[in-house]
Amino acid sequence: MPSWLEVLDRRARLRAKAGLSRRLRPRGAGDDLLDLAGNDYLGLSRHPEVTAAAAEALTGYGLGATGSRLVRGSTEPHHALEAALADWLGAGRALVFSSGYLANLGAVRALVQPRTLLVADAHNHASLIDGCRLSGAETVVTPHLDVAAVEAALAAAPGRPAVVVTESVFSVDGDLAPLAELHAVAHRYGALLIVDDAHALGVLGPDGAGAVAAAGLSGASDVVVTATLSKALGGAGGVVAGPAELTRHLIDTSRTFIYDTALPPAVAAGVLAATRLARTGAGLRADLA
């Protein structure tokens with residue numbers, strides 16, 4: 001009987017043989033390469049207003065949040081950031097998580113009730129896939145961008161609560177989901193639509209408000225928007241935006257919010273500055289395009 005370390009080593013050798021090994025490559029602070037692989041779409045991670053805001057909060061609050069949001073982790077930068085994001089996205093309220101991954105896990109789980117059917121695009125991000133799996137709800141995976149398949153899945157489950165789960169801009173292929181059509185189908189069957197707008201926030205839509213806004217769905221009561229704050233906003237963290245009733249439910253019940261140390265205040269302050277810049281950054285978006 002091989003030991004557990006021997007089992008892991010054998011698996012590593014099999015991955016290496018298949019060309020599936022990964023490795024970490026550190027980069028220095030003075031790296032001046034043109035970065036075409038990162039997520040800093042608008043170049044805000046090093047913007048002087050962003051770093052100055054983060055530095056001020058770092059001096060005032062220290063390195064970490066020192067607790068979960070419900071204990072000692074909620075600071076003025078967190079609440080100011082949530083207000084700014086809700087206003088930008090046209091949502092009733094926004095709630096900041098410590099990562100986009102945790103925001104997606106929390107959002108999907110929050111929308112599941114007994115007998116809920118999840119209808120998920122085949123190319124969804126791993127965080128959405130894991131959210132569906134961990135929710136325990138029945139999940140139908142539909143072919144990529146196939147609105148007819150989504151409608152068929154909903155039509156086959158009459159009377160059941162349902163949630164359609166999709167990205168807006170898909171992270172690998174870069175294609176854009178037909179959000180208006182998906183919303184029309186979801187609305188027809190009384191289903192909710194959850195959209196991971198991570199790669200569109202700051203890039204698409206009026207004032208960079210994202211693909212949901214571009215599709216004319218801002219503030220819709222049956223649409224929930226999630227996003228990471230680590231792409232066009234150049235920072236870290238995640239957000240769930242939607243009706244105030246949803247964020248209240250998340251605060252009371254979401255394990256990925258309740259039991260996780262909050263986003264560092266310095267990061268929240270820096271992302272808040274980046275949000276202001278992105279919202280007025282038509283020139284930045286033109287350069288990106």
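Helices and strands are here DSSP runs, numbered from the N terminus, with at least four residues for a helix and at least two for a strand. In this predicted model, that numbering places Asp 207 in the loop between strand E5 (192-196) and helix H9 (211-214). Asp 207 is not a glycine, yet its phi is positive, at about 55 degrees. With a relative accessible area of 47%, Asp 207 is partly exposed.

A second residue with a positive phi is Leu 145, where the angle is near 60 degrees and the residue is again something other than glycine. Leu 145 belongs to the loop that lies between strand E3 (138-142) and helix H7. Its relative accessible area is 30%, and Leu 145 therefore counts as partly exposed.

The wider setting of the chain may be considered next. The UniProt record, an unreviewed entry, places the feature "domain: Aminotransferase class I/classII large" at residues 32-275. Over residues 32-275, helix makes up 42% of the chain and strand 15%. The C-alpha atoms at the two ends of this stretch are 25 Å apart.

Two packed helices are described by the angle between their axes and by the distance between those axes. Helix H4 (residues 76-89) packs with helix H12 (residues 265-279) at an angle of about 25 degrees, and their axes are 8 Å apart. Because angles under 35 degrees count as roughly parallel, H4 is roughly parallel to H12. The crossing in which H4 passes H12 is left-handed. On the side of H4, the contact is formed by Pro 77, His 78, Ala 80, Leu 81, Ala 84, Leu 85, Asp 87 and Trp 88. On the side of H12, the residues include Pro 265, Ala 268, Ala 269, Val 271 and Leu 272. Sorted by class, the contact of H4 with H12 has 12 nonpolar, 2 polar and 2 charged residues.

His 78 deserves separate attention within this contact. The residue lies in helix H4, and its relative accessible area of 1% makes His 78 buried. Once neighbours within four places in sequence are left aside, His 78 is in contact with Arg 69, Gly 73, Ala 262, Leu 263, Pro 264, Pro 265 and Ala 268. Of these partners, Pro 265 and Ala 268 are listed in H12.

Another helix pair is formed by H7 (residues 147-155) and H8 (residues 179-188), whose axes come within 10 Å and cross at roughly 10 degrees. H7 and H8 are therefore roughly parallel to each other. From H7, the residues Val 147, Val 150, Glu 151 and Leu 154 meet Glu 181, Leu 182, Val 185, Ala 186 and Arg 188 of H8. By class, the contact of H7 with H8 has 6 nonpolar, no polar and 3 charged residues.

The loop between H7 and strand E4 (162-167) contains Ala 157. Ala 157 counts as buried, at 11% relative accessibility. Although Ala 157 and Thr 116 are 41 residues apart along the chain, their C-alpha atoms are separated by 9.6 Å.

A further pair of residues joins helix H6 to the account. Ile 129 lies in H6, which covers residues 126-135, and at 32% relative accessibility Ile 129 counts as partly exposed. From Ile 129 to Val 212 the C-alpha separation is 20 Å, with the two positions 83 residues apart in sequence terms.

Conventions
Residues numbered from 1 in each chain as written. Predicted model: local features only at pLDDT ≥ 70, side-chain atom pairs only at ≥ 80, totals over all residues. Heavy atoms only, no water. Axes fitted to C-alpha atoms, helices over the stretch in contact; angles between N-to-C directions. Parallel < 35°, antiparallel > 145°, perpendicular 65-115°, else oblique. Contact = heavy atoms within 4.5 Å. Nonpolar A, V, L, I, M, F, W, Y, C, P; charged D, E, K, R; others polar. UniProt positions renumbered as here; feature names shortened; annotations may be inferred. Left-handed = near helix turned anticlockwise from the far one by under 90°. Buried < 20%, exposed > 50% of the residue type's maximum accessible area, 1.4 Å probe, protein only.
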